[in-house]
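Hi everyone, thanks for coming. I'd like to walk you through one protein chain today, so please have a look at the screen.

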Amino acid sequence: MFKSMRLKNFKAYKDSGDVPLAPLTVIVGANNSGKSTLFQALLALKQTVQDADQGGALGTKGPPVLVTKGPLVDLNGFQDIVHGNGHEKTPLFEIVLNLETPHSVEVEGNWNLGKVDLPDQFEVSFRLGEKSNEIEVDRATFRMGGKIFLSAEATTRKWQSETLPSSLSNAKVDF
């Protein structure tokens, strides 16, 4: 369950700040103030995760792309999504989701990590791909208690972690 969300440089929001979410959340405001934008961001993430073409996201097609036109929501193109129409030098937009109390899982296999807490925050930033002209993932970060569990950057193909063992440092980001 989501505890809160935050939109940065997304449509009407330069920075929405943390927007609390609960089993029953009522969003009120004036017309064109960005109420539906909160839901559009969530729906865009959902239709991206459910998109069959994202199977190539692990290296065969380049970085994963945001599905902006699908069965749940139609956000048009990048210029319609990024706040201020993307006139900044390097326009990015970001969606941050804070999750309820994290759960632990047992990780077995070659890594022998034992019991690992699942992240309580997911943060993803998007940019317009220079070659693909699609909205690509720029960076994805999972945090636990404020520490970086795993952060991967598409352009450098590097990752970092403040909690995973350094023995994994040779692993390659292949998205």
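Let's start on the inside. The largest nonpolar core of this predicted model holds 24 residues. If you want to find its centre of contacts on the screen, click on Met5, Leu7, Phe10, Phe93, Ile95 and Phe126, the residues with the most contacts inside this core. Who supplies the residues? At least two each come from strand 1 (2-10), helix 1 (35-50), helix 2 (78-81), strand 4 (92-99), strand 7 (121-128) and strand 8 (135-144). Helix 1 gives the largest share of this core, with four residues.

Take Phe93 as an example. Leaving out residues up to four places away in sequence, Phe93 touches Lys8, Asn9 and Phe10, then Leu66, Phe78, Ile81 and Val82, and finally Val124, Ser125, Phe126 and Ile135.

Now to helix 1 itself. Is the length of this helix reasonable? Let me put that better: what span should its 16 residues have, and what does the model give? At 1.5 Å a residue the expected span is 22 Å, and the end C-alpha atoms lie 24 Å apart, so the two agree. Along helix 1, the buried residues are Thr37, Leu38, Gln40, Ala41, Ala44, Leu45, Gln47 and Thr48. And what covers them? The cover includes strand 1, strand 2, strand 3, strand 4 and strand 7.

Next, strand 1 and its partners. Strand 1 pairs with strand 4 in the antiparallel sense, over six bridges; in that pairing Lys8 has Glu94 as its bridge partner. Strand 1 also pairs antiparallel with strand 3, residues 19-20, over two bridges, and there Ser4 is partnered by Pro20. Then there is strand 2, residues 13-15, which runs antiparallel to strand 1 and is joined to it by two bridges. Phe10, which we met in the core, stands opposite Tyr13 of strand 2. Strand 1 and strand 2 make a hairpin with two residues between the strands, and Lys11 in this hairpin takes a positive phi near 50 degrees.

While we're here, look at Asn98, which sits in strand 4. Is Asn98 buried or exposed? Its relative accessible area is 12%, so Asn98 counts as buried, the cut-off being under 20%. Beyond four places in sequence, Asn98 touches Phe2, Lys3 and Ser4, as well as Asp18, Asp120 and Gln121.

Let's move to the other end of the chain. Strand 7 and strand 8 pair antiparallel over eight bridges, with Val124 and Ala140 as one pair of bridge partners. Their hairpin has six residues between the strands, and Asn133 there has a positive phi near 55 degrees. Strand 8 in turn is joined by six bridges to strand 9, residues 147-153, again running antiparallel. That second hairpin has two residues between its strands, with Gly145 in the turn at a positive phi of about 55 degrees. Strand 8 is mostly covered, with seven of its 10 residues buried.

Two polar residues in this region deserve a click. One is Arg127, in strand 7. Arg127 has a relative accessible area of 15%, so this arginine is buried. What does its side chain meet? There is a polar contact of 3.0 Å between the side chains of Arg127 and Asp138. Other residues touched by Arg127 include Pro63, Phe78, Pro91 and Leu92.

The other is Thr141, in strand 8. With a relative accessible area of 2%, Thr141 is buried too. Thr141 has Ser151 of strand 9 as its bridge partner, and the side chains of Thr141 and Ser151 make a polar contact of 2.8 Å. Beyond four places in sequence, Thr141 is also in contact with Gln121, Phe122, Glu123, Ile148 and Leu150. From Thr141 to Ser125 is 16 residues in sequence and 8.9 Å in space, C-alpha to C-alpha.

Last, a word on confidence. The mean pLDDT of the protein is 82, and 79% of its residues reach 70 or more. Where should you take care? Over residues 56-60, pLDDT stays under 50, and the model has 10 contacts beyond four places in sequence for that stretch. That's my tour, and I'm happy to take questions.

Terms used
Residues are numbered from 1 along each chain as its sequence is written. This is a predicted model: local features need pLDDT of at least 70, side-chain atom pairs count only at pLDDT 80 or more; totals for chains, interfaces and linings use all residues. Side-chain values use heavy atoms; hydrogens and water are left out. A nonpolar core is a set of buried Ala, Val, Leu, Ile, Met, Phe, Trp, Tyr and Cys residues joined through side-chain atoms within 4.5 Å. Buried means under 20% relative accessible area, exposed over 50%, partly exposed in between (1.4 Å probe, protein chains only). Contact means heavy atoms within 4.5 Å. A polar contact is a pair of N or O atoms within 3.5 Å; within protein, one must be able to donate a hydrogen and the other to accept it, and residues adjacent in sequence count only if both atoms are side-chain atoms. Two strands pair if DSSP finds at least two bridges between them. pLDDT is the predictor's confidence in each residue, from 0 to 100. The expected span of a helix is 1.5 Å times one less than its number of residues.
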